[in-house]
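Please look over the model below before reading on. The note takes the interface, the symmetry and a few residues in turn.

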2 protein chains.
Amino acid sequence: MLLTRTPAILNAMLRGMPDTWARHNEGGESWSAFDIVGHLIAGERTDWMPRLRILLEYGESHPFDPFDRFAQQKESQGKSLEELLDEFAEARNESLAALQSLNLVEKDFNRRGRHPALGVVTLSELVATWTVHDLTHLHQLSRVMAYQYREAVGPWSAYLGVLKCTGHSAP
Amino acid sequence: MLLTRTPAILNAMLRGMPDTWARHNEGGESWSAFDIVGHLIAGERTDWMPRLRILLEYGESHPFDPFDRFAQQKESQGKSLEELLDEFAEARNESLAALQSLNLVEKDFNRRGRHPALGVVTLSELVATWTVHDLTHLHQLSRVMAYQYREAVGPWSAYLGVLKCTGHSAP
């Protein structure tokens, strides 16, 4: 299960990295590695398992709360990257323990809930999205890190796909 | 240094993963996780340190050998993903030990060599490119993995940036 692996992936990529890699973004309002880890923590706290519980409790009758994509700006303030990595690992462990304690069976994965913008979604889609959301941010993270070396590679930039990625953010 | 971390990142992402994640690609001639790790091994064996040695020995007078982007197809045949991950970790360690044993000093990083297509490049650019090449393939890997769940996420695909990435391969 990829969800169990993400804390270790982020540790391998980021723990102990200098600020060049951790605190620099892709310009403007874009996110640094530090911002990305903060965003993943916010997802554990207010998005994935809370939505799953709303789905199980209310079905399609009660839409999920909209997700605050900027919650981490306040929550991460004054913390180190290492603190955020620890916090994410702990929050993810708690989420997965809570998921397991629900003892979901196969037919539960067809249960439906209501997304505030997308309409009817299934529990199965919610869990798959949780996974692909991790991958979206690992994809972003490798791009943000590569961006810091965009000039250092000289003429090779023509061959390095990650430097041509313009991001694919949600609207 | 990111180069030292890549084997651990790949292990965290891939070791023990089922074939869904490891052997499936993005359709057509695109690469699976298995192919990507094979390509990274080939880079250690025939590209990065060999080019660095050519640069130090011949300067601009002798272009690097062109890199075979499909070398892994033969080399990886019949191996397990775990074998490739071990092989990559070992090859990378050897490359970095060899790099360290050269005892390069700051001014060496300005030394110039000749890329067969891009022309004059510096040692500094070569090492930066080695790093960003790792990130290009981590970026690709997260996208290839996400692709396997493109239908499972249902309507959420609209929000998941990694599913909109069309790849940015070298020409």
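The numbered points below go from conventions to the interface and then to single residues.

1. **Conventions.** This is a predicted model, in which local features need pLDDT of at least 70 and side-chain atom pairs count only at pLDDT 80 or more, while totals for chains, interfaces and linings use all residues. Residues are numbered from 1 along each chain as its sequence is written, chains are lettered from A and ligands numbered from 1 in the order written, and side-chain values use heavy atoms, with hydrogens and water left out.

2. **Interface size.** How many residues does each chain bring to the contact? Chain A gives 55 residues and chain B gives 55 residues; contact means heavy atoms within 4.5 Å. About 4,400 Å² is buried between chain A and chain B, and carbon and sulfur atoms give 73% of that area. Buried area is the accessible area (1.4 Å probe) that two parts lose on being put together, summed over both.

3. **Interface chemistry.** Zero salt bridges are found across the interface of chain A and chain B. A salt bridge here is a side-chain nitrogen of Lys or Arg within 4 Å of a carboxyl oxygen of Asp or Glu. Ten residue pairs are in polar contact across the interface of chain A and chain B, both residues at pLDDT 80 or more. A polar contact is a pair of N or O atoms within 3.5 Å; within protein, one must be able to donate a hydrogen and the other to accept it, and residues adjacent in sequence count only if both atoms are side-chain atoms.

4. **What chain A supplies.** On the side of chain A that touches chain B, α1 (2–14), β2 (119–122) and α7 (123–147) of chain A each supply at least two residues. α7(A) gives the most, with 16 residues. Helices (H or I, at least four residues) and strands (E, at least two) are DSSP runs, numbered from the N terminus. The residues of this side of chain A divide into 34 nonpolar, 15 polar and six charged. Ala, Val, Leu, Ile, Met, Phe, Trp, Tyr, Cys and Pro count as nonpolar, Asp, Glu, Lys and Arg as charged, and the others, Gly among them, as polar.

5. **Symmetry.** A turn of 180° and a shift of 0.0 Å along the axis lay chain A on chain B with an RMSD of 0.0 Å. That is the relation of a two-fold axis. Copies are superposed by least squares on the C-alpha atoms of residues with pLDDT of at least 70 in both. Which residue of chain A comes closest to the rotation axis? A:His139 does, at 2.4 Å (C-alpha). Of the interface residues of chain A, 100% are also interface residues in chain B, so the copies meet through the same surface.

6. **Helix α4(A).** The buried residues of α4 (residues 48–58) of chain A are A:Trp48, A:Met49, A:Arg51, A:Leu52, A:Ile54, A:Leu55 and A:Leu56. Buried means under 20% relative accessible area, exposed over 50%, partly exposed in between (1.4 Å probe, protein chains only). Their cover includes α3 (33–46), α6 (81–101), β1 (112–115), β2 and α7 of chain A. Just after α4(A), A:Gly59 takes a positive phi of about 60°.

7. **A:Val121.** A:Val121 sits in strand β2 of chain A. A:Val121 is buried, at 1% relative accessible area. Beyond four places in sequence, the contacts of A:Val121 include A:Leu55, A:Phe64, B:Pro155 and B:Trp156. The C-alpha atoms of A:Val121 and A:Leu55 are separated by 9.1 Å, though the residues are 66 apart along the chain.

8. **Salt bridges.** The whole structure holds 20 salt bridges over all chains. In one of them, the side chains of A:Glu60 and A:Arg112 meet at 3.6 Å, N to O. A:Glu60 lies in the loop between α4 and α5 (72–75) of chain A and A:Arg112 in strand β1 of chain A, so the pair ties together parts 52 residues apart in sequence. B:Arg51 and B:Asp47 meet at 2.7 Å, N to O. Buried or exposed? B:Arg51 is buried at 6%, and B:Asp47 is buried at 2%.

9. **Backbone check.** A:Asn103 has a positive phi near 45° and is not a glycine. A:Asn103 is in the loop between α6 and β1 of chain A. A:Asn103 is exposed, at 60% relative accessible area.
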